[in-house]
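Here is a friendly set of notes to read alongside the model. Take the points in order, with the viewer open next to you.

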Amino acid sequence: MVLLSLILPPILLLLLYFIVRPRPVTIPIKNRHVFITGGSSGIGLALAQQAASQGARVSLLARSLNKLQEAKESIRRSSGLDVAIFSADVRDHDAVQKAVNDAGPIDVLVVNQGVFVPQELEKQGLDEIKFMIDVNLMGSFNVIKAALPLMKERKDRLPASISLISSQAGQVGIYGYTAYSASKFGLRGLAEALQQEVIADNIHVSVVYPPDTDTPGFEKENEVRPELTKLLAGSSGSMKADEVAKKALDGIKSGSFTVPCNFEGHMLAIATAGLSPQRSFLMAFIEVAFVGVLRLVGLFFQWNWYKTIENWHAKKNRT
C-alpha cells in the first residue's frame, strides 16, 4: 500500500501529460522592447545590460533621474548601446502611464522595483509598512495596468512576457520580514491570476525568486537588520546581481512561471509549488515525486529556526 501511494501520483501525472501536454515556448529578446522598472541599479541594471547585449531595445524606469543617467552611461560603456530612461515613481500611476506611453509598446515587461526595511512588526512604523506595500505590490499593479493594453495590441503577436521580481522572502516568511514578505507573497497571487487573464494573448508571466543579492540596497539593509534576522536569513547565502539577472533572463525567455536562482531556490520552488502553472513535464514530475520529502526537510528547517529564536531569547533574558 505504501509503495502504491508512492508510485501512483507520478503515473497519474504521466497519463495527464499525454492528455493535456504543456506547450514549450521561447520568448525572443533580440530586436524587441524590454522595459525594466527599478532599472537604475542592482538586478534591474544587470538585467538591462544583459538584455541590451542580446540585441534588445531597452527602456529603464526609476525614481532618480541622476541614477538613471549613470545607468545609461554604464550600459553605453559596457556594450556601446543606448537605452531609453524614464523617471517616475511606481506609486504614481499617472506618471508611470506617461512613461509607458512615451516608451511605446512593450514586448517584455520586467517589474523589478522593490524596497525593504527590515524590522519586527511591533517596532516598525505604519509609514514604513505602507511604503513597502505601495512600492512592491501596488507599484506592480500600476506598472502592469499601464503596460498591458499596448502589450495586448502588439503587432508581431510573438510570445510576450511579464516578469515580477519577487524574493525568497516571497516563498517563506522570515523574522523581521513581516511587511516585506507580505508585499512579496502578494506578487505570486497577482501572477497566478494574471497568467490566466493574459495567456490567450500569448503573454507569459514569470515570478523570479532571488536570494539575498549583493546590491547597494542590500548593503544598507544589512546595516539595520535585526540580529535574529541575520542569524536566520544568512544561512542561504547571497548571489551577485549579474548571476541573478542571468537566471532571471533565462527563465523569462523560456516562459517559466517560477524562476528560482540557486539550489535553495529550487528546493523552495518545489516545496511551495501548490497550484502554480508548470510548463515543464520534467519539473512537474520532480514536484510530485519530491514534495513529500521536501516537506520533511522544510519542517526540519522550521524546527531549527524556532530553536534558534528560543535560544536567542533565552540568552537575551540572561543578560
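1. A good place to begin is a strand pairing: the bridge partner of L109 in β5 is I162. Please keep in mind throughout that this is a predicted model. The contact belongs to a wider pairing, since β4 and β5 run parallel and are joined by four bridges. β4 covers residues 108-111, and β5 covers residues 160-165.

2. Now stay with β5 and look at its surroundings. Is this strand enclosed or open? Six of the six residues of β5 are buried, so the strand is largely enclosed by the rest of the structure. In a regular strand, side chains alternate between the two faces of the sheet. Here both faces are covered: one side carries A160, I162 and L164, the other S161, S163 and I165, and all of these are buried. I162, the partner of L109, is therefore part of a strand in which six of six residues are buried.

3. Just ahead of β5 there is a backbone detail to look at. R157 sits in the loop between α5 (126-152) and β5. R157 has a positive phi of about 60 degrees, although it is not a glycine. How accessible is R157? Its relative accessibility is 38%, which counts as partly exposed because the value falls between the 20% and 50% cut-offs.

4. A second residue invites the same kind of look. N31 is not a glycine either, and its phi is positive, at about 60 degrees. You will find N31 in the loop between α1 (2-19) and β1 (33-37). With a relative accessible area of 68%, N31 is exposed.

5. Next, the aromatic rings. How many aromatic pairs does the structure hold? There are seven. One of them joins F116 and Y180, with 4.2 Å from centre to centre and 35 degrees between the planes, and it is described as tilted. F116 lies in the loop between β4 and α5, while Y180 belongs to helix α6 (residues 178-198), so the pair ties together parts that are 64 residues apart in sequence. Both F116 and Y180 are buried. The two also belong to an aromatic cluster, which is completed by Y177.

6. Another tilted pair is formed by F301 and W305: the centres are 6.3 Å apart and the planes make an angle of 50 degrees. Where do these two residues lie? Both are in helix α11 (residues 281-318), four residues apart, or about one turn of the helix. Their accessibility is worth checking too: F301 is partly exposed, with a relative accessible area of 39%, whereas W305, at 16%, counts as buried.

7. Helix α11 also deserves a look from the outside. A nonpolar surface patch of about 630 Å² is made by F290, V293, V297, F300, F301 and W303. V297 is found in helix α11 and is partly exposed, at 35% relative accessible area. F301 therefore appears twice in these notes, being partly exposed at 39% and a member of this patch.

8. Finally, an annotation to set beside the model. For residues 281-306, the UniProt entry, which is unreviewed, lists "transmembrane region". In the model this span is 100% helix and 0% strand, and its end C-alpha atoms lie 36 Å apart.

How values were computed. Residues numbered from 1 in each chain as written. Predicted model: local features only at pLDDT ≥ 70, side-chain atom pairs only at ≥ 80, totals over all residues. Heavy atoms only, no water. Buried < 20%, exposed > 50% of the residue type's maximum accessible area, 1.4 Å probe, protein only. Phe/Tyr/Trp six-rings, centres within 6.5 Å; stacked < 30°, edge-to-face > 60°. UniProt positions renumbered as here; feature names shortened; annotations may be inferred. Patch = residues over 30% accessible without salt bridge, like charges linked within 9 Å, V, L, I, M, F, W, Y side chains within 5 Å. Areas by Shrake-Rupley, 256 points an atom, 1.4 Å probe, with all protein chains shown as cover. Salt bridge = Lys/Arg side-chain N within 4 Å of Asp/Glu carboxyl O. Pairing = 2+ DSSP bridges.
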